[in-house]
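Please open the model in your viewer, with a cartoon for the backbone and sticks ready for the side chains. The stops below say what to select next and what is to be found there.

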Amino acid sequence: MRKILSYVLYTALMVGANTAAADDASLEALRVGDMQKLVVHSSPKTVKPIAFVGEDGNEMTLEAYAGKHVLVNFWATWCAPCRAEMPALDALNRDLGGDSFEVVTVATGRTPAPAMKKFFDDTGVETLPLHRDPKQQLARGMGVLGLPVSVLLDPEGREIGRLIGDAEWNAEEARALVEALIASADNS
């Protein structure tokens, strides 16, 4: 039944999507299951280019991901819901990540890289980046007040949705939403 519902919602989105991107009404239709917690904005919000530390130790901004939909997940090693959510984010990225979509993880606060690596090893994460926001400048700039928070960006780098708290990102509902975003980007 869930597969049928996902297919119906996905098809409805594809019929209603414009050539530039999925509109907020189409995303709204896909808010089922854990995705009900996703707040879809009526219009995209600008994201300031605030630097954080990339996996290679160099400064970078989210502009590095321009041209694709991005799910930015803010997390920390001490966060129990983050630990529960991370394997699902990894599976979503492993299966759907590519030229049109990517999951980008950013650890906030003073978390040393070895502790982040151990966290990923302990939770079985293999495909997600080990980016850091040690001074929480990116998190504060994007209005992140607690963890975990996942922010959905369009290919222009604008925020189109936000989910506060953990979610089952590898569930059919989440996959249907991401697949619809990928299809809308591929059709533009």
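Begin by selecting β4, α3 and β5, which together make a right-handed β-α-β unit; a crossover is called right-handed if, with the strands pointing away from the viewer, the path from the first strand over the helix to the second runs clockwise. Helices (H or I, at least four residues) and strands (E, at least two) are DSSP runs, numbered from the N terminus. This is a predicted model, in which local features need pLDDT of at least 70 and side-chain atom pairs count only at pLDDT 80 or more, while totals for chains, interfaces and linings use all residues. Residues are numbered from 1 along each chain as its sequence is written, and side-chain values use heavy atoms, with hydrogens and water left out.

**The strands of the unit**

Keep β4 and β5 on screen: they pair in the parallel sense over 7 bridges, where pairing requires that DSSP finds at least two bridges between two strands. For one rung of this ladder, select F74, whose bridge partner in β5 is V106. Colouring by accessibility shows β5 as mostly covered, with 7 of its 8 residues buried; buried means under 20% relative accessible area, exposed over 50%, and partly exposed in between, with a 1.4 Å probe and protein chains only.

**The helix between them**

Next select α3, residues 80-96, whose 17 residues should span 24 Å, and whose end C-alpha atoms, being 25 Å apart, agree with this; the expected span is 1.5 Å times one less than the number of residues. At M86 the helix α3 bends by about 35°, and a proline, P87, follows within four residues. The bend at a residue is the angle between axes fitted to the seven residues ending there and the seven starting there. Show the side chains of its buried residues, among them C82, E85, M86, L89 and L96. The buried residues of α3 pack against β4, β5, α4, β7 and α6, a contact being heavy atoms within 4.5 Å.

**The next crossover**

Extend the selection to α4 and β6, since β5, α4 and β6 make a right-handed β-α-β unit as well. β5 and β6 (residues 131-133) pair in the parallel sense over 3 bridges, and T108 stands opposite D133 in β6.

**An aromatic cluster**

How many aromatic pairs does a search of the whole structure find? The search returns 3, where rings of Phe, Tyr and Trp (its six-membered ring) pair if their centres lie within 6.5 Å, and planes under 30 degrees apart count as stacked, over 60 as edge-to-face and the rest as tilted. Select W75 and F119, a tilted pair with 4.6 Å centre to centre and 35° between the planes. W75 lies in β4 (residues 69-75) and F119 in α4 (residues 113-123), so the pair ties together parts that are 44 residues apart in sequence. Adding F120 gives a further tilted pair, as the rings of F119 and F120 have their centres 6.3 Å apart and their planes at 50°. W75, F119 and F120 form one aromatic cluster. Its members are buried: W75 has a relative accessible area of 0%, F119 is at 2%, and F120 is at 4%.

**The antiparallel side**

Return to β4 and bring in β7, which runs antiparallel to β4 and is joined to it by 5 bridges. In β7, the bridge partner of F74 is V149, and the partner of V149 in β8 is I164. In a regular strand the side chains alternate between the two faces of the sheet. Within β7, V149, V151 and L153 point one way and S150 and L152 the other way, and all are buried.

Now follow the chain from β7 into β8 (159-164): 5 bridges join these antiparallel strands, which form a hairpin with 5 residues between them. Select G157 in the turn, where phi is positive at about 85°; G157 counts as partly exposed, at 26% relative accessibility. G157 and V47 are 110 residues apart in sequence, but 6.7 Å apart in space, C-alpha to C-alpha.

**A last loop, then the whole**

Select T61, in the loop between β3 (59-60) and β4, which is buried at a relative accessible area of 18%. Leaving aside its neighbours within four places in sequence, T61 is in contact with P49, I50, A51 and F52.

Finally, zoom out to the 6 helices and 8 strands of the protein. Of its 188 residues, 50% count as buried, and among contacts between residues at least 6 apart in sequence, 73% join residues at least 24 apart.
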